[in-house]
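Here's a quick briefing to read alongside the model. Have the sequence and the 3D view open as you go.

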Amino acid sequence: MPKKRVSDSDSSDSGPDDPVPQKKQKVEKSAKTKASNSKTGASSGASEENLLSLSKNRFVSVSEFRGKVMVNIREYYIDASGDQKPGRKGISLSLEQWGRLKQLMGEIDDLVSELT
């Protein structure tokens with residue numbers, strides 16, 4: 001960022017010759033941004049009524065992220081305050097990927113049958 005030149009009329013003998021750069025203050029998100037993030041699931045997990053249980057800690061949910069519908073398969077954990085939160089282990093599939101996975105279900109079932 002280019003430095004702003006100080007004219008002679010603005011300078012003072014009482015201060016340092018080189019001005020100290022000011023730190024930028026953090027800007028808090030507005031209530032509108034926070035609300036839109038909670039609607040899309042960007043800052044919080046999927047709502048409890050949207051979770052379909054696969055096992056004790058694994059769930060499937062459908063959510064919207066940045067205007068796109070996503071199918072999420074994810075492990076959840078219980079945090080220190082007792083709230084259920086989405087973990088790092090999981091995958092989010094686009095509708096195209098979800099459709100392809102559904103097409104492959106027959107083949108996947110056949111492969112699983114071969115191994116069991």
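What follows is a short tour, from the whole chain down to single residues.

Keep in mind that this is a predicted model. The chain has three helices and four strands, and in sequence order they read α-β-β-β-β-α-α. The strands make an open antiparallel sheet in the order β1-β2-β3-β4, with β1 and β4 (84-94) at the edges, each pairing on one side only.

**The chain as a whole**

- Of the 116 residues in the chain, 10% are buried.
- The accessible surface adds up to about 10700 Å², and carbon and sulfur atoms own 52% of that.
- If you take the contacts with a separation of 6 or more, 15% of them are between residues 24 or more positions apart.

**The sheet, pair by pair**

- Start with strand β1 (residues 52-53), which is joined to strand β2 (residues 58-65) by two bridges, with the two running antiparallel. Serine 53 has phenylalanine 59 in β2 as its bridge partner, and the β1-β2 hairpin leaves four residues between the strands.
- Next, β2 pairs with strand β3 (residues 68-78) over eight bridges, again in the antiparallel sense. Phenylalanine 59 turns up here too, with arginine 74 in β3 as its bridge partner.
- Finally, β3 and β4 are antiparallel and joined by eight bridges. Two of the facing pairs are worth clicking on: isoleucine 73 stands opposite isoleucine 91 in β4, and methionine 70 stands opposite serine 94 in β4.
- One bit of background for picking faces: side chains in a regular strand alternate between the two faces of the sheet.

**Turns and backbone angles**

- The β2-β3 hairpin has two residues between its strands, and arginine 66 sits in that turn with a positive phi of about 50°.
- Why flag that angle? Because most residues other than glycine have a negative phi. Arginine 66 is a residue other than glycine, and its phi is near 50°.
- Is arginine 66 buried or exposed? With 73% relative accessibility, arginine 66 counts as exposed, and its place is the loop between β2 and β3.
- The β3-β4 hairpin has five residues between its strands, and glycine 82 in the turn has a positive phi of about 90°.

**The salt bridge**

- How many salt bridges does the structure hold? The count is one.
- Arginine 58 and glutamate 75 form a salt bridge, with their closest N and O atoms 2.8 Å apart. Arginine 58 is in strand β2 and glutamate 75 is in strand β3, so the pair ties together parts that are 17 residues apart in sequence.
- The general idea is that side chains of opposite charge can pair when their charged atoms come close.
- Arginine 58 is partly exposed at 45% relative accessibility, and glutamate 75 is also partly exposed, at 24% relative accessibility.

**Isoleucine 78**

- Look for isoleucine 78 in strand β3. Its relative accessibility is 55%, so isoleucine 78 counts as exposed, given that the cut-off for exposed is over 50%.
- Leaving out residues up to four places away in sequence, isoleucine 78 touches Asp83 and Gln84.
- For a C-alpha distance to check, try isoleucine 78 to asparagine 57: they're 9.3 Å apart in space and 21 residues apart in sequence.

**Helix α2 and a nonpolar patch**

- Helix α2 lies across β3 and β4, and runs at about 80° to β4.
- Leucine 95 belongs to helix α2 (residues 95-103). At a relative accessible area of 49%, leucine 95 is partly exposed, because exposed means over 50%.
- Which residues make the nonpolar surface patch? Val62, Val69 and Leu95 do, and the patch covers about 230 Å².

Technical notes: Residues are numbered from 1 along each chain as its sequence is written. This is a predicted model: local features need pLDDT of at least 70, side-chain atom pairs count only at pLDDT 80 or more; totals for chains, interfaces and linings use all residues. Side-chain values use heavy atoms; hydrogens and water are left out. Patches are made of residues with over 30% relative accessible area and no salt bridge: like charges are joined within 9 Å, nonpolar side chains (Val, Leu, Ile, Met, Phe, Trp, Tyr) within 5 Å. Accessible areas come from the Shrake-Rupley method with a 1.4 Å probe; for residues, only the protein chains shown count as cover. A salt bridge is a side-chain nitrogen of Lys or Arg within 4 Å of a carboxyl oxygen of Asp or Glu. Buried means under 20% relative accessible area, exposed over 50%, partly exposed in between (1.4 Å probe, protein chains only). Two strands pair if DSSP finds at least two bridges between them. Contact means heavy atoms within 4.5 Å. Axes are lines fitted to C-alpha atoms, for helices over the stretch in contact, and angles run from 0 to 180 degrees between N-to-C directions.
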